[in-house]
Structure formats: structure tokens, C-alpha cells
Amino acid sequence: MNFELSSEQKTVRETVAAFAEREIAPHAAAWDREAFFPRDLFRRLGELGIMGMFWSEAYGGAGLDTVSTVVALEELSKADAGVGVTVAVQGLSGRIIEAFASEDLKRRCLPRMATGEWLGAFALTEAESGSDASSLRTQAVKRDGAYVLTGTKQWVTNGGYADVFVIFARTGGPGPKGISAFLVDRTSPGLSIGRVTHKLGIRSSNTVDVILDEVRVPAERLLDREGAGYKIALAQLAAGRLGIAAQAVGILAACLETSQRYALERCQFGRPIGAFQAVSFKIADMACDLDAARLLLYRAAWLRDQGKPVVDAASKAKLFASTAARRHAAECVQILGGYGYTTEFPAERYYRDAKITEIYEGTSEVQRIVIARELLGRLDERTAHDRPPSRVAPVRPPSSPDVTKVQN
Ligand SMILES: Cc1cc2nc3c(=O)[nH]c(=O)nc-3n(C[C@H](O)[C@H](O)[C@H](O)COP(=O)(O)OP(=O)(O)OC[C@H]3O[C@@H](n4cnc5c(N)ncnc54)[C@H](O)[C@@H]3O)c2cc1C
């Protein structure tokens, strides 16, 4: 077992951390205050190879392994979690294009996305379908060799600036098998950007409604085949969840750094507040959870790189990292006292940013459903007479109690 990053992975961390410290961190408070989307920053991240790090060099990407991509997302999110999610969604949409689009579309989109000239978006959620994404209602009707899309997609990250959208719509009956995925250009007639969402945190990211009013999408822009949309969304889910776990780890790392620095500098009762156990124990707990969240994250990323099953590991990483980020961001504010509650310090921004990591790419409740299903099977689909899942050894009552053994 090896807990060291490789020299390439360390280089990714150092390069992205140096860029983030220089080009992102000094502006994060202003971008948050003004809800400013730093469009030009993503061209510079493109020059660095970060916007296309998720896909292969054949399509202009950097072809980094998953561990490197989560390390990079962590460093970006440590400086500004809004920037982190923008890049994570570029990865989500780019990976789908690489895996499921035609050769022509890959050559057209991916090199432009890699330079940061184009941004991608992923549009699954609708007003009435969030966790239950398979109940989406946007329609794709086949007409004259094309599909005509009608509906409204909600909370599309990057949507206001995206050049290409992966859009999920219904080509068949109800349920997951009736869903297909399409690659749609921003310039398609009938596609417009609706309401901009005003958010609690990650305010430097862009979140909008996307309105589809009889948008004609050529048949070659159907990804994979009719009815494969839900499978496509699920296939990318684990990688997407790792992106959000990395965002949470980045926020947590920022909380630890801010808390450490403040605990050493701030003096009350004639000594640094870090001398008080009530403060130092909070920081110790924060450091433990940061380590644990990182280990879960890197293990899941490593499993994906080995081609091993990752769904369960990705859910555990996201659940743990997001819960820890939200909890410790609150403690970071507490350590900074009244100053933590003001915009003079970044603690209140971490507190607001951390919350979203428990909600998108599957809420914490949904992650628990995934983890529990791995342990117990799909109990909601079983009757009392079904046999237990084969991976669980039956619990046998002892034939006669052994009274010589001490119970504890
Ligand atoms: C800032 C932001 C950016 C986003 N970006 C994107 C994007 O780019 N693309 C995209 O497609 N979507 C995006 N989303 C949508 C996001 O993925 C959903 O908000 C999320 O999946 C939850 O769906 P919901 O908000 O409809 O909540 P709901 O599904 O309505 O859930 C409400 C509550 O009920 C709980 N719940 C629901 N079902 C169950 C269950 N079976 N068991 C137990 N509890 C349950 C949930 O955990 C939650 O606590 C974004 C959302 C936000 C806020």
C-alpha cells in the first residue's frame, strides 16, 4: 500500500496551487460579493491544461489520471469553490462527449473546451425532478430526421456562458429507459437562458435555467442511442461525485489554514487563543477529518484509475467530505469569533460555500441510499419472502447459550 502521490501528481498539485494562490485567491472575496463569473480565468486555466485535464490528448486534453484531477479540483476549490465547480462541470460534460459523441463532434468540441475557449454544461435537473432525475419531463420528439426538444432545465451550472450543453430529454415512455441525451449548441434557435439563480454560496459560479422552445437537434447529436440517457448520466455520476468531494476537501483545507493562522495570531486573556484547549481541539478535529476525507477521496479516485468499481467508494467520499466541510466551516467561523461573521475574513464564505457540497451531485441522503444498497441490497424492491442478498452471511441463533463466556 502506497500513500504517496506520484511525482506527476505532486507537480499537478504544486502547479495548480501556485496558480490559484496568484490568480484566484486574491479575487475570491470580490467575485463572491459581486457574484462575478470570471470568464477570462478559464482561458488561462486552459493554457495551464486544467480545463481539458479530464480527457485524452487525442482531443486536446491533458489526459490526467483521476487522482490528479481531484488534486487539481481540491486546490482550485481551496482558493474559490465557485471556480472549482465550474471546472468540475467542464469535466463532467467533456467526459460524456469523449465517451458517447461521434468522432466529428469530439473533434469539434473537445479541443475548444480544453483551451477554455468553450465551456460545457450538464442539464439533467428540472423543477419537478431533482433526486428523482428519472422523472424528468423535457420532451424530445423525432421529426424529419431530427429531434425537437421542448422543456425547461433548472440550475444548470455554467449555463449562462456554456457553448455546448449535454441535455437529457424524454424520447420514450416514463422512467429511466425513456430518457436520451443530446449534445446541443448554445446557438441553436429556440435555446435561451432564463432565470439566473442567486445563491447562498459558490457565487462566482454561474447557475441558470435553460429554456428549450422547439429546439431542433440533428439526429447525429443524439449521444449513444435512444433510451441510453439515464445510463450515460449514471456512468459519469461517480466521477462527478469525486469532483464535489474534492471541492469539499478544498474548502476544508482552507478552513484549517485560516483557523490555524488565526489561533496563533489572535490573543485574548494575554495568550494566543490556540492555547485554549477549546480552540485547539476544534483544530485537531478539523485536521483529522481533513485527512480522513482526503484518504476516502484519493482511494475512490485510485479505484477509478484501476478500472475497479467506484460507485460505493465515491458516495462514501462525497458524503464524508461534504459533511465534514459543512461542520468545520461552522467551527472556523466560531474560532474567528465576531471577525468570522464578517466579510473581512474568508470564514463566512467557506461556511456558505460548504453547504452546497451536501446537496448537488446527489444529496447526502441519496449517498446514504447508495451506500446502504451496497450493504443491504434493494430492499424497496423485495418482499418479506425473498432470500437475503447472497453477500450477507445468515445470522444463526446459537444452538445453546455458552454461559462460560463473559458478555460485554
Ligand atoms: C447551485 C446548484 C448547482 C446545480 N448544478 C446542476 C447542474 O449543473 N446540472 C444539473 O442537472 N443539476 C444541477 N443542480 C441540481 C442538483 O443536482 C439538485 O438540486 C439535487 O440533485 C437535489 O435535487 P432537488 O434540489 O430537487 O431536491 P429534492 O430531490 O427535491 O430533495 C429535497 C430533500 O428530500 C430528500 N430526498 C429526496 N428523495 C429522497 C429519498 N428517496 N430518500 C430520502 N431523502 C430524499 C433530499 O435528500 C433533500 O433533502 C444544481 C443545484 C444547485 C443548487
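This section describes the ligand site, the nonpolar cores and a set of individual residues in a predicted model.

The ligand is surrounded by 17 residues, of which Thr125, Ser131, Trp155, Thr363 and Glu365 come nearest. By residue class, this shell is made up of 8 nonpolar, 6 polar and 3 charged residues. Domain 2 (121–227) and domain 3 (231–379) each supply at least three residues to the shell.

Polar atoms of the protein approach the ligand from both backbone and side chains. At Leu124, a backbone N or O atom is placed 2.9 Å from an oxygen atom of the ligand. Side-chain atoms are involved at Thr157, where an N or O atom lies 2.8 Å from a nitrogen atom of the ligand. In the side chain of Glu365, an N or O atom is found 2.8 Å from a ligand oxygen atom. The ligand taken alone exposes 980 Å², and 63% of that area is buried by the protein. Two elements, strand E3 (146–157) and helix H12 (364–376), give two or more residues to the shell. The largest share, 3 residues, is provided by E3.

Away from the description of the ligand, the nonpolar interior was examined. The largest nonpolar core comprises 98 residues, and those with the most contacts inside it are Ile24, Phe42, Leu45, Leu76, Val87, Phe168 and Leu223. Helix H7 (residues 229–265) contributes 17 residues to this core, the largest share. Another core, of 19 residues, lies apart from it and includes Tyr147, Val156, Ala162 and Val184.

Two residues were notable for their backbone geometry. In general, most residues other than glycine have a negative phi. Asp144, although not a glycine, has a positive phi of about 50 degrees. Asp144 is located in the loop between E2 and E3. With a relative accessible area of 70%, Asp144 is classed as exposed, because this value is over the 50% cut-off. Glu214 likewise is not a glycine and has a positive phi of about 50 degrees. Glu214, however, belongs to strand E7 (residues 207–218). The relative accessibility of Glu214 is 48%, so Glu214 counts as partly exposed.

Further residues were considered by their position, their accessibility and their distance to a second residue in the chain. Gln139 lies in strand E2 (residues 139–143). Gln139 has a relative accessibility of 36% and therefore counts as partly exposed. Between the C-alpha atoms of Gln139 and Ala275, which are 136 residues apart along the chain, the separation is 61 Å.

Arg225 is situated in the loop between strand E8 (222–223) and H7. The relative accessibility of Arg225 is 46%, and Arg225 therefore counts as partly exposed. A distance of 36 Å separates the C-alpha atoms of Arg225 and Leu41, with these positions 184 residues apart along the chain.

Arg368 forms part of helix H12, one of the elements that give two or more residues to the shell around the ligand. The relative accessible area of Arg368 is 46%, so this residue is partly exposed. Arg368 and Ala313 are 55 residues apart in sequence, and their C-alpha atoms are 12 Å apart in space.

Ser68 is found in helix H4 (residues 66–79). Ser68 is buried because its relative accessible area, 4%, is under the 20% cut-off. In sequence, Ser68 and Thr11 are 57 residues apart, while the C-alpha to C-alpha distance between them is 9.2 Å.

How values were computed:
Residues numbered from 1 in each chain as written. Predicted model: local features only at pLDDT ≥ 70, side-chain atom pairs only at ≥ 80, totals over all residues. Heavy atoms only, no water. Near = heavy atom within 4 Å. Polar contact = N/O pair within 3.5 Å; in protein donor to acceptor, adjacent residues only side chain to side chain. Areas by Shrake-Rupley, 256 points an atom, 1.4 Å probe, with all protein chains shown as cover. Helix = DSSP H or I, 4+ residues; strand = E, 2+ residues; numbered from the N terminus. Nonpolar A, V, L, I, M, F, W, Y, C, P; charged D, E, K, R; others polar. Domains from an automatic or database assignment. Core = buried A, V, L, I, M, F, W, Y, C linked by side-chain atoms within 4.5 Å. Buried < 20%, exposed > 50% of the residue type's maximum accessible area, 1.4 Å probe, protein only.
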